[in-house]
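This report describes one protein model for a reader who is new to structural analysis. Please keep the sequence and the structure in view while reading.

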Amino acid sequence: MAKVDTDIKTDLEKLELDKLQESILSELLDICHENLDETDDEFVRKAFKLCYLSHQGVKRASGEAYFLHPVEVAKIMAEDFNIDDESVVAALLHDTVEDTNVTLNDIRNLFGDTVAHLIDGVTKITGFFDNRDSKQAETFMKLLLSMAEDIRVVLIKFADRLHNMRTINHLPRQKQLKKATETLELYAPLAHRFGLFNIKNEFEDLCFKVIDPNSFKFIARKLREKKESREEFIDKFMEPVEKQLEEYNFNFEIKGRPKHIYSIYRKMQSQQKPFEEIYDLFAIRIILENPHTKEDCWRVYSIITDWYTPIPKRFRDFISVPKANGYQSLHTTVITKTGRKVEVQIRTRKMDNIAEQGLAAHWKYKEGESGGSSELDKFVHWVRDVLDNPRPDAATEFVKDFQLNLYQDEIYVFTPDGELKTLPNGASCIDFAFEIHSEIGERAVASKVNGKMVPLRTKLKSGDQVEIITGNKINLNPDWMEDVVTHKAKARLRQFIKQKERKVADEGREIWEKRAKKGKIAISDQELTRIAQKFQFDAAQDMFFEIGSGAFEVDKLFEVVKQFKSKGRIDDKQDDYKSRTEEEIQKEYITTARSVGDDKALVVEGELSNVKYSYANCCNPIPGDNVIGFISRNGDVKIHRSNCKNAHHLIKTDSERIVDVSWAKNIDTQFLGAVRVIGEDRVGLVNDLTEILSKSMQTNMKSINVTSEGGMFEGILTLYINDLAHLEKIINRLERVEGIKNVTRYE
Ligand code: MN
């Protein structure tokens, strides 16, 4: 155990609580005993002591000792969420890791993994609450849920904010407004989605009081004034019903006073009606105590409608068909003899708990949203189960087991400005770049995640802040196809690969046209297509692609065209290249190749030893690269890197001409290899790069090509390379040069 822990342990043991502290602690313990199934008093006492010790000497804006804040948060945890003593302990210590010198390790050693996990979660999500764009509450909530893992973490955060809002009047006006707006836009909707309606209502009223104190006071005063007449009306309305319910031995509670000021205000605003009209829409709730059942709700309904006429259109049966979030209740609207409409809601105590303050929170389940995850199904099932078979410990058990992994198919990441973006799970920086803008995706050269340079293909996770560094021109890489999951990125890359192939084909056509001009031959496109087909190409374009990529010799085509022009037909023996067997092709190559085999850098496998070969200049392979050989039509073997796109194309169209090749053990030759260096432009950068290469890397440079724009520097360095390891060393070294952001192999 670390030294600091022992110190804290001794300090805790030595600490004697004074009378006042003892009374504060015993008040908290009373609340725990009242609301929790089980409370380990010593566990809570130890946390209380650490809470006091670690915040000792610190005061809140109100002037009172800081430690009273976590104590109040712990009370809310016990009273409003009544889950377990671990969450009470975590609430007591929720500010320690962030604000004091107590570490997460100390917490783990003193209070165990669960409490440490909870506090870590609270600390983490607190960071995300700060300075976020609160307009994206919905996405934000998903982020929160995907990060929090344990629902208790979110509840502690709610309790924390609730207490801060209750004591907000000690803060300066500016801060009050900021906190109130944030709470109204973020915490209140979150609480609503969690089904924590009481908490949500309190959040809203506390915020409303800060943001629009005059309207708040006005409605509050009106409510006070009207209280008496309203209660009188409700009493009169309920009198005959109550009498009868008592006769039938119903055990019930009647709720009729609206306490939520903000919702009255909002209705006044949205319906453009004065207070009286909104307020006079009465809603009465009849709650049947345990062990009343749903059948009893129907009996109450029948009693009410014996006395008052129901409006059939306004009848809702959420008991037989609960809302997706598990909400159950009977709703009916009746008319009194004086013509007033009264909405009556009938439900059992259990249903009321779930609806008001329970975890009836549906998290994802929302009408219109597609499907539900199995976790969510489990949750809804649980809500029903609790409603049907009341068991005091069911809630606790469930909350302990329930992991908030509802959103694992999506991740939520931030732009540098703090804007939230939703991406599918598995998305990389490249996907993110395309999500921002297709131009950003096309020009991305490097990326930073949480302030650190990372390769563009890096996979993102929820909560990452991502910055894309773009270059001055299109920088797409066909290899990225493996690293993207979004449709946007895939579509653009596909288009790019097509374009690139077209470009190679255009180059091939140019090569052909030059050759034809030199040989003074003219041929129509139609005739060329016929000849290409004789060579088993689907179209002339495919033939040009192979010429462009060096796989098909232009002279071969020229010979055949010449023959065609003079004879008016193509000699079958000549053109039937592709139909020959592999063996035949190999035999011919072996004879042609043996005479020229020289370089010992490569071993071509099988019978094809000592063949003539050359390196494809599309991918410039160097020793150490995985390579394949491609038998070209003129008899030699072209060596491609096995991940080269041209090679892939050839594998797909001409797999019988692929041969295995491997590098020889000892190679003296040097190869040309290029690296691309991206960084912030500065005076002397090129000098630094060349010096490092020649002096510390003993590497010769063939050429350097530098462009610079908008403070960004891009250099293509063509170097003499021994092998892959050498190239990797160079890349690693150059990456450490001041201002350099990204060094990659360049093809
Ligand atoms: Mn706090």
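## Overall Architecture

The model discussed here is predicted. Its protein chain contains 30 helices and 20 strands. Of the 747 residues in the protein chain, 49% are buried.

The accessible surface of the protein chain amounts to about 37200 Å². Carbon and sulfur atoms account for 46% of that surface. Among contacts in the protein chain with a separation of 6 or more, 67% are between residues 24 or more positions apart.

## The Manganese Site

The manganese ion has four named protein donors: His69 through NE2, His94 through NE2, Asp95 through OD and Asp160 through OD. These donors lie 2.1 to 2.5 Å from the ion. Along the chain, their spacing follows the pattern H-x24-H-D-x64-D. Distant parts of the chain are thereby linked, with His69 in helix α4 (residues 68–81) and Asp160 in helix α10 (residues 151–166), 91 residues apart.

Are these two linked donors buried or exposed? His69 has a relative accessible area of 1%, so it is buried. Asp160 has a relative accessibility of 7% and therefore also counts as buried, because the limit for a buried residue is under 20%.

## The Second Largest Cavity

The structure holds two cavities of 30 Å³ or more. The second largest cavity encloses about 40 Å³ of space. Which residues line the second largest cavity? They are His94, Asp95, Glu98, Val122, Thr123 and Thr126. Two of these lining residues, His94 and Asp95, are also named as donors of the manganese ion.

Helix α8 (residues 113–129) supplies the largest share of this lining, with three residues. Sorted by class, the lining comprises one nonpolar, three polar and two charged residues.

## An Enclosed Helix

Helix α20 spans residues 429–436. Why is this helix described as largely enclosed by the rest of the structure? The reason is that six of its eight residues are buried. The buried residues are Cys429, Ile430, Asp431, Phe432, Ala433 and Phe434.

## Two Loop Residues with Positive Phi

Lys520 is not a glycine, yet it has a positive phi of about 55°. This residue is found in the loop between α22 (487–518) and α23 (525–534). With a relative accessible area of 75%, Lys520 is exposed, because the threshold for that class is over 50%.

Gln536 likewise is not a glycine and has a positive phi, here of about 70°. Its position is in the loop between α23 and α24 (540–548). What is the accessibility class of Gln536? At 45% relative accessibility, Gln536 counts as partly exposed.

## A Buried Glutamate

Glu546 is found in helix α24. Its relative accessibility is 2%, so Glu546 counts as buried. Leaving aside neighbours within four places in sequence, which residues are in contact with Glu546? The contacts are Phe537, Ala551, Phe552, Arg633, Leu650, Thr653, Asp654 and Arg657.

Methods:
Residues numbered from 1 in each chain as written. Predicted model: local features only at pLDDT ≥ 70, side-chain atom pairs only at ≥ 80, totals over all residues. Heavy atoms only, no water. 1 Å grid on protein atoms, 1.4 Å probe; cavity = no way out; pocket = protein on both sides within 12 Å on 5 of 7 lines; lining within 4 Å. Points joined across faces, edges and corners; volume = space filled by probe spheres on them. Helix = DSSP H or I, 4+ residues; strand = E, 2+ residues; numbered from the N terminus. Nonpolar A, V, L, I, M, F, W, Y, C, P; charged D, E, K, R; others polar. Buried < 20%, exposed > 50% of the residue type's maximum accessible area, 1.4 Å probe, protein only. Donors = N, O, S within 2.8 Å, 3.2 Å for Na, K, Ca; no water. Contact = heavy atoms within 4.5 Å. Areas by Shrake-Rupley, 256 points an atom, 1.4 Å probe, with all protein chains shown as cover.
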